[in-house]
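Hi there,

Here is the structure I promised to pass on to you. Have a look at it first, and my notes follow underneath.

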Amino acid sequence: MKVTMVATGYVGLVSGACFSEFGHDVVCVDSDERKIAALNRGEIPVFEPGLDAMVAANTEAGRLTFTTNLGESVAASEVIFVAVDTPSRHGDGYADLSYVYAAVDDIAAHVQDGAVVVTKSTVPVGTGSELAERIGQRLAELGRDISVSVASNPEFLREGSAIEDFKRPDRVVVGAEDEATHATIARLYRPLSLRNVPMVHTSRETAELIKYAGNAFLATKITFINEIADLCEQVGANVQEIARGIGLDGRIGSKFLHAGPGYGGSCFPKDTRALLGIAEQADVTLPIVDAVVSSNESRKKRMADRIIAACGGSVEGKTVAVLGLTFKPNTDDMRESPSLDIIPALLEAGASVQAHDPEGMREAAPLLPDTKLMTGPYEALEGADVVVIITEWNVYRALDLPRVASLMNQPIMVDLRNIYTAAEMQQAGFTYYSVGREAIS
Ligand code: UDX
């Protein structure tokens, strides 16, 4: 099938590359000429394991191309995906759809009869129907007597494992208003249905809400275990054992029960806020989601206090080593990372911060201008009064603890991802604070 992917951001690029891997002819379009020129040279603008090799192989096979010429590729496509950014609108947190509108207006001018326009971007409930109307109006204005349908096909890709998530999803959700459109999208995902991946065929509104409800539920699960972790610290219980103890109940499930510094990233914070915006417009209250958003925001802010407490109540004039800056490992994405709340608060309290991240330092540099970015984890530890693990990158999981202790002024660790055990830290002579577990001093 011939497919156009509008926008070469994270979702567009991963989805475009994976559809070409399925055997479709995919053209990825972006108005940013420099980005397209870089992609044509084989340079991938985002860090995602396996993406560069997949793009190279499919470009080589002639199934994946990059262009700024939207008209030409849309005119030749049966399916056109809209994967443009939908940032949070300033002030109200509601998703900003201006890029989506601009994309569909351009598409309407070139689209062929019978084509399907599909939203991959996360858009508020009702957007698909609004876009169908908008495209219809635009076609009428242009005197184009053709029929185009609009579908919703939300993505559930996790950064760092996006390719695996695309090729082996738990499910594919398709929202459309007629059988022919459902059938077109089903053909696109045929390689997955052959592997018995469940396809959820539903209405556009339901598909749009599945995306928000899914992300809000996962954000709730994380926030719940984080609150239980706070309680564990006060009553001497262990949150990891609680997560295992409740997660083995099949009705609860063991995933997304890792306590930490609070969720971040490009989706959960934005989508939970957008869901609240959608509910408000519909005159419905969502007290649980509301509580999750505020609990997570205040948690990220409170994390700096733990570090200050670990240093005896003040970090004035002290050096804090930070390991991990991105919102999670295997990405260079800094969006809404807990590090962006924690580090400024430490600087404000008079600390100097030297940090390391395996992939995120280029993104982090302009966001954390007063942080010393170091070439490696051990460089960041030199002369530190405390080390804080914010992101659980693999390289931090097996640190040479005697070497860590010898580089630091005093061996104090605040492990916000629970990657070490109390026993090994005690043996290495550390004062050790983690999340939802007993402190070792
Ligand atoms: C998420 C969804 O998982 C994905 O389906 C959706 O399409 C986009 O948003 P992503 O933001 O890439 O993906 O990362 P994810 O792995 O879900 O983690 C999100 C945040 O939650 C991170 O900050 C992570 O550290 C945190 N998290 C996750 C926890 O604190 N504990 C957990 O148990 C799981």
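**Around threonine 319**

Setting aside neighbours within four places in sequence, threonine 319 is in contact with Ser352, Gln354, Gly383, Ala384, Asp385 and Val386. Please keep in mind as you read on that this is a predicted model. Threonine 319 sits in strand 9, which covers residues 319–323. Is threonine 319 buried or exposed? Its relative accessibility is 15%, so threonine 319 counts as buried, the cut-off for buried being under 20%. One of the contacts just listed is also a polar one: the side chains of threonine 319 and serine 352 meet at 3.5 Å.

**Serine 149**

Serine 149 belongs to strand 6, residues 149–152. With a relative accessible area of 17%, serine 149 is buried. If residues up to four places away in sequence are not counted, serine 149 touches Ala115, Val116, Val117, Asp178 and Thr181.

**The ligand**

You will probably want to look at this part on screen. There are 18 residues around the ligand, and those that come nearest are Glu159, His258, Gly264, Cys267 and Arg417. By type, the shell divides into nine nonpolar, three polar and six charged residues. Which helix gives the most to this shell? That is helix 10 (residues 204–235), with three residues.

Some polar atoms of the protein can be paired with oxygen atoms of the ligand:

- Glycine 264 has a backbone N or O atom 2.9 Å from a ligand oxygen.
- Phenylalanine 327 has a polar backbone atom 3.1 Å from a ligand oxygen.
- Arginine 417 has a side-chain N or O atom 2.9 Å from a ligand oxygen.

On its own the ligand has 660 Å² of accessible area, and the protein covers 93% of that.

**The nonpolar cores**

The largest nonpolar core is made up of 38 residues. Within this core, the residues with the most contacts are Val14, Phe19, Phe66, Phe81, Leu188 and Tyr189. Helix 1 (residues 10–21) gives the most to the core, with seven residues. A second core, separate from the largest one, has 33 residues, including Cys232, Ala304, Val353 and Val388.

Phenylalanine 81 is a handy place to begin browsing. Beyond its neighbours within four places in sequence, phenylalanine 81 is in contact with Val3, Thr4, Met5, Val6, Phe19, Val118, Lys120, Asn153 and Leu188. Two of these partners, Phe19 and Leu188, are again among the residues with the most contacts inside the largest core.

Happy browsing, and best wishes

Note on methods
Residues are numbered from 1 along each chain as its sequence is written. This is a predicted model: local features need pLDDT of at least 70, side-chain atom pairs count only at pLDDT 80 or more; totals for chains, interfaces and linings use all residues. Side-chain values use heavy atoms; hydrogens and water are left out. A residue is near a molecule or strand if one of its heavy atoms lies within 4 Å of it. A polar contact is a pair of N or O atoms within 3.5 Å; within protein, one must be able to donate a hydrogen and the other to accept it, and residues adjacent in sequence count only if both atoms are side-chain atoms. Accessible areas come from the Shrake-Rupley method with a 1.4 Å probe; for residues, only the protein chains shown count as cover. Helices (H or I, at least four residues) and strands (E, at least two) are DSSP runs, numbered from the N terminus. Ala, Val, Leu, Ile, Met, Phe, Trp, Tyr, Cys and Pro count as nonpolar, Asp, Glu, Lys and Arg as charged, and the others, Gly among them, as polar. A nonpolar core is a set of buried Ala, Val, Leu, Ile, Met, Phe, Trp, Tyr and Cys residues joined through side-chain atoms within 4.5 Å. Buried means under 20% relative accessible area, exposed over 50%, partly exposed in between (1.4 Å probe, protein chains only). Contact means heavy atoms within 4.5 Å.
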